[in-house]
Amino acid sequence: MRVKGCATLLGDDIDTDTIFPGRYLAVLRPEDQAKHLFEPLDAELRQRIVAGGVVIGGWNFGCGSSREHAVTSMLGAGIRLVVAKSFSRIFFRNAVNNGLAVVISPELVECMKDGEAIEADLQAGKAYVPKGEVAFTPLPSEVLSILVAGGLWAAKTNKADIKVLQ
């Protein structure tokens, strides 16, 4: 499974209230949630995040509450990959369960610059960036199967031979 896009760099401790403010929890459709994605940040940065499809975070990305809206709003906006130095455990699980690819790689984060192109081969554990190829721990086949299916619910309800795309 490969994911590519244009990276937007964020810092450490990006919490779920920054990703999706709690005052919009009644908004349930991911497409509608996307309108409030990263609302506390400036409008230009929000536009770049959505346009690029790849978020690069620092340490402790997704800390804060356990709300799935932080993940589903990203999916509704077309974001397909988040790379960070570390994730909050609950955010990481929510991401996988909802079909958002997440990669832990301090090395990859350190070599990225804002606005650069990235292509990540999640199965091989390789990212292709302007500085060259960067290795990271490949995602386990079980996680890849969930991502390919579009999330845990889809993987459980569609038991027809889910295969990892290469």
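This is a dialogue between a student and a tutor on how to read the features of a predicted model.

Student: Where should I start with the strands, and in what sense do strand 1 and strand 2 pair?

Tutor: Start with which strands lie side by side and in which direction they run. Strand 1 (residues 2–9) and strand 2 (residues 53–56) pair in the parallel sense, over four bridges. One place to look is Ala 7, whose bridge partner in strand 2 is Val 54.

Student: How many bridges join strand 2 and strand 3?

Tutor: Three, and this pairing is parallel too. Find Ile 56 and you will see Val 83 of strand 3 opposite. Between these strands the chain passes through helix 4 (residues 69–76), and this β-α-β crossover is right-handed.

Student: How many bridges join strand 3 to strand 4?

Tutor: Four bridges join strand 3 to strand 4 (residues 101–104), and the two run parallel. Ala 84 stands opposite Ile 104 in strand 4. The chain goes from strand 3 through helix 5 to strand 4, again as a right-handed β-α-β crossover.

Student: How do the side chains of a strand point?

Tutor: In a regular strand the side chains alternate between the two faces of the sheet.

Student: Now the helices. Which residues of helix 3 are buried?

Tutor: To read a helix, list its buried residues and then ask where they sit around the axis. In helix 3 (residues 43–52) the buried residues are Leu 45, Ile 49 and Gly 52. They lie on the same side of helix 3, because they cover an arc of only 80° around the axis. The face turned away from this buried side carries the exposed residues Glu 44, Gln 47 and Ala 51. Strand 1 and strand 2 are among the elements that cover the buried residues of helix 3.

Student: Which residues of helix 7 are buried?

Tutor: In helix 7 (residues 141–149) they are Val 143, Leu 144, Ile 146 and Leu 147. These residues cover an arc of only 160° around the axis, so they are on the same side of helix 7. Just after helix 7 comes Gly 150, with a positive phi of about 95°.

Student: What follows just after helix 5?

Tutor: Gly 99, which takes a positive phi of about 90°. Within helix 5, the buried residues include Phe 91, Phe 92, Asn 94, Ala 95 and Val 96.

Student: How do I read a single residue, and is Thr 16 buried or exposed?

Tutor: Ask where the residue sits, how much of its surface is accessible, and what it touches. Thr 16 belongs to helix 1 (residues 16–19). Thr 16 counts as buried because its relative accessible area is 2%. Leaving aside neighbours within four places in sequence, the residues in contact with Thr 16 are Pro 21, Gly 62, Cys 63, Gly 64, Ser 65, Arg 67 and Ala 70. Cys 63 is itself buried, with a relative accessible area of 15%.

Student: How many disulfides does the structure have?

Tutor: Zero, after a search of the whole structure. To check a cysteine, look for the closest other cysteine sulfur. For Cys 111 that sulfur is in Cys 6, 14 Å away, which is too far for a bond. Cys 111 is buried, at 12% relative accessible area.

Student: How many salt bridges are there?

Tutor: The count comes to 10. For each one, read the distance between the N and O atoms, then where the partners sit. Glu 110 and Lys 85 form a salt bridge in which the closest N and O atoms are 2.4 Å apart. This pair links distant parts of the chain, 25 residues apart: Glu 110 is in helix 6 (residues 106–111), while Lys 85 is in the loop between strand 3 (81–84) and helix 5 (89–98). Glu 110 is exposed, with a relative accessible area of 55%, whereas Lys 85 counts as buried at 14% relative accessibility.

Student: Which residues are joined into one network by salt bridges that share partners?

Tutor: Arg 29, Glu 31, Asp 32 and Lys 35. One of the salt bridges is between the side chains of Glu 31 and Arg 29, at 3.5 Å from N to O. Glu 31 is partly exposed, with a relative accessible area of 45%, and Arg 29 counts as partly exposed at 49%.

Student: How far from N to O is the salt bridge of Glu 133 and Lys 126?

Tutor: The distance there is 3.9 Å. Lys 126 is partly exposed, with a relative accessible area of 32%.

Methods:
Residues are numbered from 1 along each chain as its sequence is written. This is a predicted model: local features need pLDDT of at least 70, side-chain atom pairs count only at pLDDT 80 or more; totals for chains, interfaces and linings use all residues. Side-chain values use heavy atoms; hydrogens and water are left out. A disulfide is a pair of cysteine sulfur atoms within 2.5 Å. Buried means under 20% relative accessible area, exposed over 50%, partly exposed in between (1.4 Å probe, protein chains only). A salt bridge is a side-chain nitrogen of Lys or Arg within 4 Å of a carboxyl oxygen of Asp or Glu. The arc is that of the directions from the helix axis to the C-beta atoms. Two strands pair if DSSP finds at least two bridges between them. A crossover is right-handed if, with the strands pointing away from the viewer, the path from the first strand over the helix to the second runs clockwise. Contact means heavy atoms within 4.5 Å.
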